[in-house]
Amino acid sequence: MQELRFDGRVVVVTGAGAGLGRTYALLFASRGANVVVNDLGSSRHGDGSSRNSADTVVQEIRENGGKAVANYDSVLDGAKIINTAIDAFGRIDVVVNNAGILRDVSFAKMTDAQWDIIHNVHVKGAMKTTQAAWPYFLKQKYGRVIFTSSNSGLYGNFGQSNYSSAKMGLVGLANTLAIEGARKNIYTNVIVPTAGSRLTEDIIPPDFFEQLKPELIAPVVFWLCHEICTENGSIIEAALGWAGKCHIIRSSGCTLRQNFSEDVTPENVQENWSKVTDMTSAKRLNSIQEATGELLNVLENIKSGDSLSGVNHVLRSNY
Ligand code: NAI
């Protein structure tokens, strides 16, 4: 199989001074990309700043014969990060939104500041950086965007209401950008990593932590960003040298009334709850149009119940 290359392409990786972002930057550079290594150099909680982490990775790339420049801005100043790419390399092809911090606290004790900083860095930061690259993507009819979500977002995690909601917000952002970019060859996907890093060092047991190497995730992100990869709007979980795709699925559900003249009472809902929540024939809906189409089927079913009114009193599942 021919080696996948990024020669001539320009890749921004945010939060690339450490952890996952560092391994992404190293891999892209090793395959010919010009890389902007963005990192604010903050603490795990988002305090402080240092040029050291971005500089170290840039140096590492250059020592390996690759091309990279550092950028030390916060992702909230995304336009400055993209300007660094344009100034240094004259174009921008890929944005890997990876920068992230934690401010774990139980929901009861969450302050506005703890909520806002997490949403700002993860959601607004990813939005600002991607939006600054978007006009270039539209013009050149090519672009690749990665957002970084988390199992904490997909499934929830104690003490992470700020982080999990931000991480799920990125899934919503990716869903819409995948639609807006599709016709211009701009593809957006979400990576859900699990990796040993400073964010997880006191959470994951040491033996498992050792195995969760960020280098095992980087090739998945690399592939999603390659021009021949047509994946778009997907959530890809990766860890340990394994990767899989996640979907939101919905049950077939159940009609709660038989015809237009009937109301839906709370008791109807109670009576049919096991059918509403029966996931045995659950499926994924591919678009908002498909979801609306399914509701039109419900409408047709209730209409037909209307014409059968008085005869058909059996609640139908599958609409
Ligand atoms: P890390 O702490 O090793 O790296 C994150 C980097 O982002 C740091 O170098 C930090 O200085 C930088 N950063 C923080 N705020 C920034 C800002 N405002 N602007 C620019 N850079 C900033 O963490 P790790 O584990 O490599 O995480 C990378 C991403 O993956 C994060 O978005 C994290 O939420 C996500 N993630 C990580 C998981 C894991 O198992 N490590 C699990 C799920 C998601």
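Let's start with strand β1, residues 10-13: it is joined to β4 by 3 bridges, and the two strands run parallel. Look for V12 here, as it stands opposite V95 in β4. Bear in mind that what you're looking at is a predicted model.

Now zoom out from that pair. β1 and β4 belong to an open sheet of 8 strands, which you can read across as β3-β2-β1-β4-β5-β6-β7-β8, with mixed pairing. At the edges stand β3 (67-71) and β8, and each has a single partner strand, so one side of each is left without a neighbour in the sheet. Going from one strand to the next, the twist averages 20°.

Next come the helices. Helix α4, residues 112-140, lies across β4, β5 and β6, and runs at about 170° to β4. Helix α8 packs on the sheet as well, touching β4, β5, β6, β7 and β8. Compare directions and you'll find that α8 makes about 145° with β5.

Let's stay with α8 for a moment. How many of its 8 residues are buried? The count is 6, so to speak of this helix (residues 218-225) as mostly covered is fair. To find the buried ones, pick out A218, V220 and V221, then F222, L224 and C225.

And what does the covering? Among the elements over the buried residues of α8 are several strands of the sheet: β4 (94-97), β5 (143-148), β6 (186-193), β7 (235-239) and β8 (242-246). Helix α1 (19-30) is also included in that cover.

Technical notes. Residues are numbered from 1 along each chain as its sequence is written. This is a predicted model: local features need pLDDT of at least 70, side-chain atom pairs count only at pLDDT 80 or more; totals for chains, interfaces and linings use all residues. Side-chain values use heavy atoms; hydrogens and water are left out. Buried means under 20% relative accessible area, exposed over 50%, partly exposed in between (1.4 Å probe, protein chains only). Helices (H or I, at least four residues) and strands (E, at least two) are DSSP runs, numbered from the N terminus. Contact means heavy atoms within 4.5 Å. Two strands pair if DSSP finds at least two bridges between them. Axes are lines fitted to C-alpha atoms, for helices over the stretch in contact, and angles run from 0 to 180 degrees between N-to-C directions.
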